[in-house]
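Let's take a walk through this protein together, starting from the overall fold and working inwards. Keep the viewer open so that you can find each residue as we come to it.

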Amino acid sequence: MSHYIAPLVVVMGVSGSGKTTVGRLLARHLGVPYAEGDDFHPASNVAKMRAGHPLDDEDRRPWLDEIARWLAGHAGSGGVVACSALKRRYRARLASAAPRVFFLHLDGSPELIAARITARQGHFMPPELLRTQFADFEPLGDDEMGSAIPIDGTPQETAALAHAAVTSA
């Protein structure tokens, strides 16, 4: 007799791709907790990004460590966390925190995402940093557990695609 193991999902992508919106919807569909990756940033990182400066790997290290701790703490119960996870080595750090971490890449064109960033209010990430995020992004490898889904539909449509990708994995 097998029992259901709730998934542990990292909703990833560049700023403005919909990680928070889709992540919250997905967590609700799966019945698991949601965590906002931005909340794990130390104040120094937020200040640096607000000033228009991209983070470097050293800036990201404590942030990724905190998200990895969250994933490890939810390994048995499942959960969804939003985290850009743009580089393969960042995903490797997160994947090492717990078994069965699934990466869900919200995939959209730079033009679509730039329009979304320009339209949103109250976020610390300036639109100018989007270019650096696309430059840093390394697509999921065949050996990484995850899936890329298009974000050109509504948030609900994207969340439905996300749910299908996660539950069929």
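What follows goes from the whole chain to its core, then to single residues and a pocket.

Please bear in mind that this is a predicted model. The protein chain is built from 7 helices and 5 strands, and reading along the sequence you will meet them in the pattern β-α-β-α-α-β-α-β-α-α-β-α. The radius of gyration is 15 Å, close to the 15 Å that the globule rule gives for 169 residues, so the chain is as compact as a globular protein of that length. Along the principal axes, its C-alpha atoms fill a box of roughly 55 × 35 × 30 Å.

How much of the chain is buried? Of its 169 residues, 47% count as buried. The contacts also reach across the sequence: taking those with a separation of 6 or more, 76% are between residues 24 or more positions apart.

Now turn to the inside. The largest nonpolar core holds 42 residues, and Val10, Leu26, Leu94 and Leu104 have the most contacts inside it. Many elements supply at least two residues each, among them strand 1 (8–12), helix 1 (19–30), strand 4 (101–107) and helix 7 (155–167). Helix 3 gives the largest share of this core, with 6 residues.

Leu94 is a good place to look around. Setting aside neighbours within four places in sequence, Leu94 is in contact with Val10, which also ranks among the residues with the most contacts inside the core. The other partners of Leu94 are Leu64, Ile67, Ala68, Leu71, Cys83, Ala85, Val101 and Phe103.

One of those partners, Ala85, deserves a closer look. Ala85 lies in the loop between strand 3 and helix 4, yet Ala85 is buried, with a relative accessible area of 0%. Its phi is near 45 degrees, a positive value in a residue other than glycine. Arg100 also has a positive phi, of about 65 degrees, although Arg100 is not a glycine. You will find Arg100 in the loop between helix 4 and strand 4. Is Arg100 buried or partly exposed? Arg100 has a relative accessible area of 43%, so this residue counts as partly exposed.

Next, move to helix 7, where Ala162 has its place. Ala162 is buried, because its relative accessible area is 0%, and the cut-off for buried is under 20%. Which residues does Ala162 contact, beyond its neighbours within four places in sequence? They are Val22, Leu26, Leu104 and Ile149. Ala162 and Leu104 are 58 residues apart along the chain, with their C-alpha atoms separated by 7.1 Å.

A second link across the sequence starts from His29, in helix 1. Not counting residues up to four places away in sequence, His29 touches Ala159 and His163. The C-alpha atoms of His29 and His163 are separated by 7.4 Å, although the two residues are 134 apart along the chain.

Finally, look for open space. The second largest pocket has a volume of about 240 Å³. Its lining consists of 12 residues, with Ile5, Ala6, Pro7, Val166 and Ala169 lying nearest its centre. What kinds of residue make up this lining? They divide into 10 nonpolar, 1 polar and 1 charged.

Key. Residues are numbered from 1 along each chain as its sequence is written. This is a predicted model: local features need pLDDT of at least 70, side-chain atom pairs count only at pLDDT 80 or more; totals for chains, interfaces and linings use all residues. Side-chain values use heavy atoms; hydrogens and water are left out. A nonpolar core is a set of buried Ala, Val, Leu, Ile, Met, Phe, Trp, Tyr and Cys residues joined through side-chain atoms within 4.5 Å. Buried means under 20% relative accessible area, exposed over 50%, partly exposed in between (1.4 Å probe, protein chains only). Helices (H or I, at least four residues) and strands (E, at least two) are DSSP runs, numbered from the N terminus. Contact means heavy atoms within 4.5 Å. On a 1 Å grid over the protein atoms alone, a cavity is a set of points where a 1.4 Å probe fits but cannot get out, and a pocket is an open set with protein on both sides within 12 Å along at least five of seven lines; lining residues have an atom within 4 Å of a point. Grid points are joined across faces, edges and corners, and a volume is the space filled by probe spheres set on the points. Ala, Val, Leu, Ile, Met, Phe, Trp, Tyr, Cys and Pro count as nonpolar, Asp, Glu, Lys and Arg as charged, and the others, Gly among them, as polar. The radius of gyration is taken over C-alpha atoms; the globule rule is 2.2 Å times the number of residues to the power 0.38.
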